[in-house]
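The following note is addressed to a colleague who is meeting this structure for the first time. Please read the numbered points with the model in view.

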Amino acid sequence: MDSKSVEELSCPVCCEIFKDPVLLSCSHSFCKECLQQFWKTKKTQECPVCRRRSSKQEPLSILALKNLCDSLIKERNERRSSGSEEICSLH
C-alpha cells in the first residue's frame, strides 16, 4: 500500500494507523482512545481538527475502517517478521 493510502488511514492525533476508529458529526475520524484523551485534556467535546463541538458523548464506531486498518497492520507485521527471519537465516 502506498504512503498516501496509509496517510488516509491514519489518525490525525497520533499519526498512526487507526485503532478502533470513531466518527464525529463533522465527518472527521480518530482512534477512539486518542479522541477520549483529547477530550479529557481539553475538557470540551470538540473535534481536534476543525474544533466543531460534538453532539454525541459516544462517537460512532466505524467497523469497516477498523477491519481495513486491522488487515493493514497484520499485513505489515507479517512482512516485518518474514523480513527478520530472512536476515537471521543469512547469519
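1. Gln36 belongs to helix α2. In this model, which is predicted, the residue has a relative accessible area of 35% and is therefore classed as partly exposed. Gln36 and Pro59 are separated by 23 residues in sequence, yet their C-alpha atoms are 9.9 Å apart in space.

2. The helix that carries Gln36 also has a defined relation to the strands. Helix α2 lies across β1 and β2, and its direction is at about 90° to β2.

3. The strands themselves deserve a separate remark. Three of them form an open sheet in the order β2-β1-β3, with antiparallel pairing. Strands β2 and β3 (60–61) are at the edges and have a single partner strand each, so one side of each lacks a neighbour in the sheet. Between β1 and β2, which run antiparallel, there are three bridges.

4. Within this pairing, Leu23 stands opposite Ser29 of β2. Is Ser29 buried or exposed? With a relative accessibility of 17%, Ser29 counts as buried, because the limit for that class is under 20%. Beyond its neighbours within four places in sequence, Ser29 is in contact with Pro12, Phe18, Val22, Leu23 and Ile62.

5. In soluble globular proteins, nonpolar side chains tend to be buried together. Here the largest nonpolar core contains 19 residues; Cys11, Phe18, Leu24, Phe30, Leu35, Leu65 and Cys69 are those with the most contacts inside it. The elements that contribute two or more residues to this core are β2 (29–31), α2 (32–42) and α3 (63–90). Helix α2 gives the most, namely four residues.

6. Leu24 may serve as an example from that core. When neighbours within four places in sequence are set aside, Leu24 is in contact with Phe30, Leu35, Trp39, Cys47, Pro48, Ser54 and Pro59.

7. A second serine merits attention. Ser10 is located in the loop between α1 (3–8) and β1 (21–23), and its relative accessible area of 17% places it among the buried residues. A polar atom of the Ser10 side chain lies 2.7 Å from the backbone oxygen of Val6. With neighbours within four places in sequence left aside, Ser10 is in contact with Cys15, Glu16, Ile17 and Phe18.

8. How many salt bridges does the count give? The total is four. One of them joins Glu58 to Lys32, with 3.5 Å between the closest N and O atoms. This pair links distant parts of the chain, since Glu58 is in the loop between α2 and β3 whereas Lys32 is in helix α2, 26 residues away. Glu58 counts as exposed at 51% relative accessibility, while Lys32, with a relative accessible area of 25%, is partly exposed.

9. Helix α3 also contains salt bridges, among them that of Asp70 with Lys66. The N to O distance in this pair is 2.9 Å. Because Asp70 and Lys66 are four residues apart in helix α3, about one helical turn separates them. Asp70 is partly exposed at 33% relative accessibility, and Lys66 is partly exposed with a relative accessible area of 27%.

10. Arg79 and Glu75 likewise meet through their side chains in a salt bridge, at 2.7 Å from N to O. Both residues lie in helix α3, four residues apart, or about one turn of the helix. Relative accessibility is 48% for Arg79, which counts as partly exposed, and 39% for Glu75, which also counts as partly exposed.

Definitions and conventions. Residues are numbered from 1 along each chain as its sequence is written. This is a predicted model: local features need pLDDT of at least 70, side-chain atom pairs count only at pLDDT 80 or more; totals for chains, interfaces and linings use all residues. Side-chain values use heavy atoms; hydrogens and water are left out. A nonpolar core is a set of buried Ala, Val, Leu, Ile, Met, Phe, Trp, Tyr and Cys residues joined through side-chain atoms within 4.5 Å. Buried means under 20% relative accessible area, exposed over 50%, partly exposed in between (1.4 Å probe, protein chains only). Contact means heavy atoms within 4.5 Å. A polar contact is a pair of N or O atoms within 3.5 Å; within protein, one must be able to donate a hydrogen and the other to accept it, and residues adjacent in sequence count only if both atoms are side-chain atoms. Two strands pair if DSSP finds at least two bridges between them. Axes are lines fitted to C-alpha atoms, for helices over the stretch in contact, and angles run from 0 to 180 degrees between N-to-C directions.
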